[in-house]
Amino acid sequence: MAFAPMGPEASFFEVLDQHRASLLAALRRGGGEPAGGGTPQASSFNLKKALRSVCEERKREACGETPSSEVLASIESVIQDIITSVAKNEAPTFTIGNRSSWENIKFEDSVGLQMVTHCTTRKIKSDSLKSVKKFALILKILSKIYKLVQSNTYATKRDIYYTDSQLFGNQTVVDNIINDISCMLKVPRMSLHILSTSKGLIAGNLRYIEEDGTRVHCTCGATAVAVPSNIQGIRNAKFLLIVEKDATFQRLLDDNFCNRMSPCIMITGKGVPDLNTRLLVKKLWDTFHIPVFALVDADPHGIEIMCIYKYGSMAMSFEAHNLTVPAIRWLGLLPSDIKRLNIPRDTLIPLTKRDQMKLDSVLKRPYVTCQPFWRKEMEIMADSKMKAEIQALTFLSSDYLSRVYLPNKLKFGGWI
C-alpha cells in the first residue's frame, strides 16, 4: 500500500523555488538583496547549478570563528599594555568601542548594521572611582576566558557569574562585560569559549549533532527542542519560518503546520532573540540558502525584532557578519493585511505613546531607506494609529493562520 507524501504537492513550492533562485543569483553577484526589491520573480536561473556554485564559494570562506591562537594573542596584548602602563607609573585603562551610539554605526545592504572601523571609544579607567570596579571585573573575566581558550574548554555565562556572584552582583553585569570584551578584542563571542543558555525553540525538518556528540532529530509534530549552539545535517527544507512569539509558535505546532508544510523549519526566539537563536538562523542561511521569512505582530516591537534578525542591532554591531541575515523577508502580519482581510477595528489595539516613539525610531533607521515596501507598511500603521497581534486572525477562524493565511502567503509570494 502506497502512502501519500507529507506536505503539499511540489507545485505549491514553485514561487518559493523562484524566490530561492533570485536569492542565489544575488549572492553570486555579491549582493544581499535580489533585484526587484526582494519580491518573488519568475526566473530561468538554473537552481541546482547556482546552489552548487554558492556552496563551493561558502566553503572557501572562514566559518566565522577566530582561531584560538589569535584570541590568546589578543588577550596577551591587552595584558602587556597593562604591564607597560604600570611600569611607567600610569593608570592602566581598557579602551572599548562605544556600542550605544549611532555615530559608530554604518549600514550596508548586504551585511546590515555594523560598527565603523574608526569608532568613538570609551575608557574604563583603573584610577577612577566610577569605573575601577568594572576594570577589575573585565580583568577577572579576561583571565577566565584565557584559561578556557587555552584548555579548549567552554563555560556558560551563568557559570562565570557563579564563580563570584557577590562580586558581580547580577547576571546582566557579566553579560555586558562579555560583550565589551568581545568588542574590545574584535572577536566573535563564540570564540571566547563562553556559551549562553538558549531560550529559543526549533522544530521541523532538521537533524543536528550537539557539542557532546548527541544526535538530535527535530520532528514536524507538536513538540520542539531548544535551539542548539552547534548543528550539522539538514533535510531538504524549502523554507525557514521565524516566529516572533512562543504562543504563536506553539499554536502552529498544535495545528500541525510543520507537517502540513513539510519540508520546512520553524524557529522562535520567544520575543527578542538571544545570541544562539540568531547564530542558528544565520548558520542555516549561510549553509543551505533556503528562503527565510519572519512572522511577527503588526506592531513596532514586532517589526524591530524582525529587523534584529535581518539587519542586527546597535549593541552587537561589532559582530554583524556572524549574526545578520539580510535575505529575510516579512511574511506577516502586515498592517495592510488588516484592512485587506477586513479584521474588525475592535480586535485592534491603539498605539501607545511608547509604540509611536518606537515606530518613529525604526522609520529613521538607515535600513528603512532600502525597504520602501516596509516603510509603506509602517506608514499605514502610523496613519491608522492601531496595531494588531497575530491572534487577531482568529476572528476569521480559530485555525485561519495555519490553514489559510500562511499557506496562501507562501504559495503566492505574499512577502515583502
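This is a short tour of the aromatic pairs and the cysteines in a predicted model.

**Stop 1: a stacked pair.** The structure holds nine aromatic pairs. Start by selecting Phe-94 and Phe-135. Their ring centres are 4.5 Å apart and the planes meet at 25 degrees; stacked means under 30 degrees, so this pair counts as stacked. Now colour by secondary structure: Phe-94 sits in strand S1 (residues 93-97), while Phe-135 belongs to helix H4 (residues 132-151). The two are 41 residues apart, and their pairing links distant parts of the chain. Switch on the surface and try to find them. Phe-94 is buried, at 1% relative accessible area, and Phe-135 is buried too, at 8%.

**Stop 2: an edge-to-face pair.** Next, select Trp-330 and Trp-374. How are these rings arranged? They are edge-to-face, with 5.6 Å from centre to centre and 75 degrees between the planes. Trp-330 is in strand S14 (residues 329-332) and Trp-374 is in helix H15 (residues 372-384), so the pair ties together parts 44 residues apart in sequence. Both of these Trp residues are buried.

**Stop 3: a cluster.** Pick Phe-107, Tyr-311 and Tyr-367, and you'll see a cluster linked by ring pairs.

**Stop 4: the cysteines.** How many disulfides does the structure hold? Zero. To see why, select Cys-264: its closest cysteine sulfur, in Cys-258, is 4.1 Å away, and a disulfide needs the sulfurs within 2.5 Å, so that is too far for a bond. Then jump to Cys-307, whose sulfur is 10.0 Å from the closest cysteine sulfur, in Cys-370, again too far. Cys-264 is buried, with a relative accessible area of 1%, and Cys-307 is buried at 1% as well.

Conventions
Residues are numbered from 1 along each chain as its sequence is written. This is a predicted model: local features need pLDDT of at least 70, side-chain atom pairs count only at pLDDT 80 or more; totals for chains, interfaces and linings use all residues. Side-chain values use heavy atoms; hydrogens and water are left out. Rings of Phe, Tyr and Trp (its six-membered ring) pair if their centres lie within 6.5 Å; planes under 30 degrees apart count as stacked, over 60 as edge-to-face and the rest as tilted. Helices (H or I, at least four residues) and strands (E, at least two) are DSSP runs, numbered from the N terminus. Buried means under 20% relative accessible area, exposed over 50%, partly exposed in between (1.4 Å probe, protein chains only).
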